[in-house]
Amino acid sequence: MLNKLKKLDWGILIILIFLMIISTIVIHSATANFPKYSGSDTKQLLFYGIGFFVAIAATLFDYRIVLKSWHVLYGVGVAMLILVYFFGAVINGARGWFQLGSMSFQPAEIVKIILIIGIAHLMGRRQGDRLTLTQDLIPIAAFAFLPFMLVMIQPDLGNAIIYLVIVLGMLWIGNVKYSHVIAGLGVVVVGLVLFVSLFNTFNQEIFDYLNKHEMGHWHKRINTFLNPDLANSDDKHQSDNAQIAIGSGGLNGDGYMQGDMKNRGFIPYPYSDSIFVVIGEEFGFQGAAILLLLYFLLIYRMIIIAFKCYDLRASFIVIGIVSMYVFQVFQNIGMMIGIMPITGITLPFISYGGTSLLLNMLSIGLVFSIKAHQEKYELAD
């Protein structure tokens with residue numbers, strides 16, 4: 001056991017400690033003027049404590065056992081997504097949470113890692129050979145399609161997009177034929193152009209339909225992003241206020257606990273989805289740059305681990321986790337500065353939330369396990 005713990009990536013652990021400190025102090029600032037969320041910073045510290053235990057415990061658990069059980073995990077994940085649709089609690093317009101007393105659990109979060117493990121197994125069967133359309137790409141697409149659709153109907157657009165990014169990120173390093181890449185890019189471009197065209201042509205009809213099915217917020221978010229000049233002030237107040245707050249922070253920020261827009265309640269969910277706005281307003285460009293540097297170092301350390309793996313399946317898993325983190329950071333910050341549409345995607349390791357934080361720490365634990373179990377002579381097991 002001690003030999004496995006010695007193989008922990010201490011660089012990643014130190015980065016996580018810095019992220020924990022940033023998360024705690026920013027959540028404290030974000031909730032200080034809102035008694036309803038009092039104690040969120042303490043809870044976040046508790047989640048981090050549990051998360052570090054989970055990550056270290058996962059290090060001792062051989063990741064290859066998880067790979068062998070991929071089909072069982074997939075069945076459990078799909079079952080949870082089905083059950084939550086019928087028996088889950090509605091939070092922020094999506095029926096995607098199991099309510100456990102004062103705590104809530106979001107199955108879509110854990111399905112991310114299940115998806116990564118399953119795709120790594122499917123891709124690993126080729127042993128580095130080029131992926132074929134019928135034997136690899138279609139089965140992988142079918143594997144991801146079911147959880148994608150189950151999350152879409154909740155509706156949870158943010159996590160559904162993350163599923164797609166995970167698939168694309170893993171396929172990108174999976175030795176895909178260039179012809180398949182070009183064809184896939186062509187389909188994506190045509191699909192986006194068609195979507196934008198149909199959305200603008202039938203804008204009112206789409207709004208009426210979504211509003212009838214209690215999904216009007218989808219239309220507002222997409223319309224605000226595609227047609228900001230036509231959207232009313234109520235629809236784009238979150239994006240506009242976020243950009244004003246970040247811009248007012250300038251180089252050095254307004255000072256800790258001194259964010260004017262945040263203190264006056266103009267920033268919705270400042271402890272969660274909009275936590276980057278608090279960092280930008282109170283710590284300025286310098287604070288935001290330090291956070292981005294920590295993310296860069298985290299991703300860099302993980303990519304190094306992926307390069308050093310003897311087991312291709314392990315490399316695929318790490319790259320899947322990297323793809324998940326990179327997109328979540330880009331999407332969350334992008335929607336706050338106006339280059340991405342507003343979604344419910346949180347900022348990894350910084351936003352308040354037990355389910356997402358524990359899932360992220362479990363993912364790190366899986367990376368640690370991969371690093372600790374790369375004995376060359378055991379890879380055939």
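**Note on a predicted, mostly helical-element chain: selected points**

1. Gly247 counts as exposed because its relative accessible area, 53%, is over the 50% cut-off. The residue sits in helix H12. From Gly247 to Pro35 the C-alpha distance is 27 Å, with the two positions 212 residues apart along the chain. The model is a predicted one, and the values below should be read with that in mind.

2. Overall build. The chain contains 16 helices and three strands. Its C-alpha atoms occupy a box of roughly 60 × 50 × 40 Å along the principal axes. For 381 residues, a compact globule would be expected to have a radius of gyration near 21 Å, and the chain agrees, at 21 Å. Of these 381 residues, 49% count as buried.

3. Helix H6. This helix runs over residues 107-124 and has 18 residues. The distance from its first C-alpha to its last is 26 Å, close to the 26 Å expected at 1.5 Å a residue. H6 is mostly covered, with 16 of the 18 residues buried. The loop that leads from H6 to helix H7 (133-152) holds Gln127. Gln127 is exposed, at a relative accessible area of 63%. The C-alpha atoms of Gln127 and Gln44 lie 41 Å apart, and the two residues are separated by 83 residues in sequence.

4. Second largest pocket. Its volume is about 280 Å³. Which residues come closest to the centre of this pocket? Of the 16 that line it, they are Val66, Ile113, Ile117, Leu362 and Leu366. Two or more lining residues come from each of helix H3 (40-60), helix H4 (63-68), helix H5 (70-87), H6 and helix H16 (354-372). Sorted by class, the lining has 13 nonpolar, two polar and one charged residues.

5. Aromatic pairs. The structure has 11 of them. In one, Tyr271 and Tyr352, the ring centres are 6.2 Å apart and the planes meet at 70°, so the pair is edge-to-face. Tyr271 belongs to the loop between helix H13 (260-263) and helix H14 (275-307), while Tyr352 belongs to the loop between helix H15 (312-337) and H16; the pair therefore ties together parts that are 81 residues apart in sequence. Tyr271 is buried, since its relative accessible area is 12% and the cut-off for buried is under 20%. Both tyrosines also take part in a cluster, in which ring pairs link Tyr37, Phe47, Tyr271 and Tyr352.

6. Helix H15. The helix has 26 residues and spans 37 Å from first to last C-alpha, close to the 38 Å expected at 1.5 Å a residue. It is largely enclosed by the rest of the structure, because 22 of its 26 residues are buried. Just after H15 comes Gly338, with a positive phi of about 90°.

7. Positive phi in residues other than glycine. What is the phi of Phe349? It is positive, about 70°, although Phe349 is not a glycine. Phe349 lies in the loop between H15 and H16, and with a relative accessible area of 2% it is buried. Met257 has a phi near 75°, again a positive value in a residue other than glycine. Met257 is placed in the loop between helix H12 (237-249) and H13. Is Met257 buried or partly exposed? At 27% relative accessibility, Met257 counts as partly exposed.

8. Helix H9. Val190 is found in this helix, which covers residues 178-201. Its relative accessibility of 55% makes Val190 an exposed residue. Between Val190 and Arg313 the C-alpha separation is 32 Å, at 123 residues along the chain.

9. Points to look at in the model. For the loop between H15 and H16, Phe349 is buried and has an accessible area of 2%, and Tyr352 is in that loop as well. For the pocket, H6 and H16 are among the elements that give two or more residues to the lining. For the backbone, the entries to view include Met257, with a phi near 75°, Phe349, with a phi of about 70°, and Gly338, with a phi of about 90°.

Note on methods. Residues are numbered from 1 along each chain as its sequence is written. This is a predicted model: local features need pLDDT of at least 70, side-chain atom pairs count only at pLDDT 80 or more; totals for chains, interfaces and linings use all residues. Side-chain values use heavy atoms; hydrogens and water are left out. Helices (H or I, at least four residues) and strands (E, at least two) are DSSP runs, numbered from the N terminus. The expected span of a helix is 1.5 Å times one less than its number of residues. Buried means under 20% relative accessible area, exposed over 50%, partly exposed in between (1.4 Å probe, protein chains only). On a 1 Å grid over the protein atoms alone, a cavity is a set of points where a 1.4 Å probe fits but cannot get out, and a pocket is an open set with protein on both sides within 12 Å along at least five of seven lines; lining residues have an atom within 4 Å of a point. Grid points are joined across faces, edges and corners, and a volume is the space filled by probe spheres set on the points. Ala, Val, Leu, Ile, Met, Phe, Trp, Tyr, Cys and Pro count as nonpolar, Asp, Glu, Lys and Arg as charged, and the others, Gly among them, as polar. Rings of Phe, Tyr and Trp (its six-membered ring) pair if their centres lie within 6.5 Å; planes under 30 degrees apart count as stacked, over 60 as edge-to-face and the rest as tilted. The radius of gyration is taken over C-alpha atoms; the globule rule is 2.2 Å times the number of residues to the power 0.38.
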